[in-house]
Amino acid sequence: MTPDIKPFVAGNWKMNGQRDSLDQLALMARGVDEALFDKVDVVVCPPATLLYVATTLSEDTPLMVGAQDCHREAKGAHTGDVSAEMVADCLGEFCIVGHSERRTDHGETDFHVAGKAQACWRAGLTAIICIGETEAEYDSGRAEEVLGRQLAMSVPEGATEKDTVIAYEPVWAIGTGKTPSPDDIRDIHAFIRDVLVERFGGHGERMRILYGGSVKPDNATELLSVNNVDGALVGGASLKAQDFLAICESYRKV
Ligand code: PEP
């Protein structure tokens with residue numbers, strides 16, 4: 001954790017969830033009460049098809065809702081895409097950009113990711129900008145070089161703690177059950193903090209840096225206890241309200 005930064009837990013449902021998953025969303029909305037919200041900000045990012053109903057279900061609760069991606073343009077001839085303005089129109093408040101699955105599946109580059117982050121800001125959303133090295137890059141000791149480049153090119157000028165959250169997600173830890181050691185996470189998050197402070201000054205000091213990659217109820221407390229880990233981006237374990245709320249609860253207690 002970073003002193004004076006409120007922890008933040010975001011759930012990324014990826015391409016999972018149909019209408020019959022809305023009972024899980026309703027349970028999450030009920031579970032994120034004022035006592036939890038006092039200590040932790042909680043966001044769930046369902047697929048775009050469920051976005052509006054999710055914001056409706058969480059209305060009048062502290063649970064916030066976000067999208068998993070957006071186009072850099074506000075509207076136009078981009079079949080199948082969703083704009084940040086459309087997310088805001090569905091009352092979403094956040095949008096994940098640059099997830100490694102988008103970088104791999106859709107060939108998104110740092111340039112695209114920066115454009116999407118700016119689109120989020122234009123629409124009044126907070127961008128959750130993902131960065132992370134592959135296993136080969138990690139094994140060859142190039143993690144910092146890769147992350148430094150991603151931070152420089154994916155995070156646009158002018159980012160602040162209000163419009164931007166950084167999610168460090170080692171690609172090799174996503175959905176694999178593997179996580180870096182707490183010492184490795186501490187070193188990488190310290191590196192990310194230094195880069196953010198150098199570039200954004202006080203905003204960089206206050207910007208939240210999440211860890212993502214196989215966060216589960218049983219490792220959440222250990223991971224949040226690491227310096228400069230200000231919360232988690234959770235994939236698989238965010239699909240079930242019981243697991244997701246258990247992660248949020250463990251962050252409340254740290
Ligand atoms: C993710 O998709 O952002 C993620 C971290 O997935 P998981 O928690 O399943 O590893």
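How far is the sulfur of C120 from the closest cysteine sulfur? In this predicted model, the gap is 3.9 Å, with C70 holding that closest sulfur, and this is too far for a bond because a disulfide needs the two sulfur atoms within 2.5 Å. C120 itself counts as buried, since its relative accessibility is 0%. Then there is C90, where the closest cysteine sulfur sits in C95, 12 Å away, so a bond is ruled out here too. At 21% relative accessibility, C90 comes out as partly exposed. The tally of disulfides ends up at zero.

Next comes helix α9, which covers residues 182-200. With 19 residues at 1.5 Å each, the helix should span 27 Å, and its end C-alpha atoms are 26 Å apart, so the two figures agree. Buried positions in α9 are I185, I188, H189, F191, I192, R193, L196 and F200. An α-helix has 3.6 residues a turn, so residues three or four places apart point the same way. The cover over the buried residues of α9 includes the strands β5 (126-131), β6 (164-168) and β7 (208-212), along with the helices α8 (143-154), α10 (202-206) and α11 (220-224). Right after α9 comes G201, with a positive phi near 55°.

As for the ligand, 14 residues surround it, and K14, E169, G175, S214 and G235 come nearest. G175 places a polar backbone atom 2.6 Å from a ligand oxygen. The side chain of H99 has an N or O atom 2.9 Å from an oxygen of the ligand, and a backbone N or O atom of G236 also lies 2.9 Å from a ligand oxygen. Taken alone, the ligand exposes 290 Å², and the protein buries 98% of that.

Key. Residues are numbered from 1 along each chain as its sequence is written. This is a predicted model: local features need pLDDT of at least 70, side-chain atom pairs count only at pLDDT 80 or more; totals for chains, interfaces and linings use all residues. Side-chain values use heavy atoms; hydrogens and water are left out. Helices (H or I, at least four residues) and strands (E, at least two) are DSSP runs, numbered from the N terminus. The expected span of a helix is 1.5 Å times one less than its number of residues. Buried means under 20% relative accessible area, exposed over 50%, partly exposed in between (1.4 Å probe, protein chains only). Contact means heavy atoms within 4.5 Å. A residue is near a molecule or strand if one of its heavy atoms lies within 4 Å of it. A polar contact is a pair of N or O atoms within 3.5 Å; within protein, one must be able to donate a hydrogen and the other to accept it, and residues adjacent in sequence count only if both atoms are side-chain atoms. Accessible areas come from the Shrake-Rupley method with a 1.4 Å probe; for residues, only the protein chains shown count as cover.
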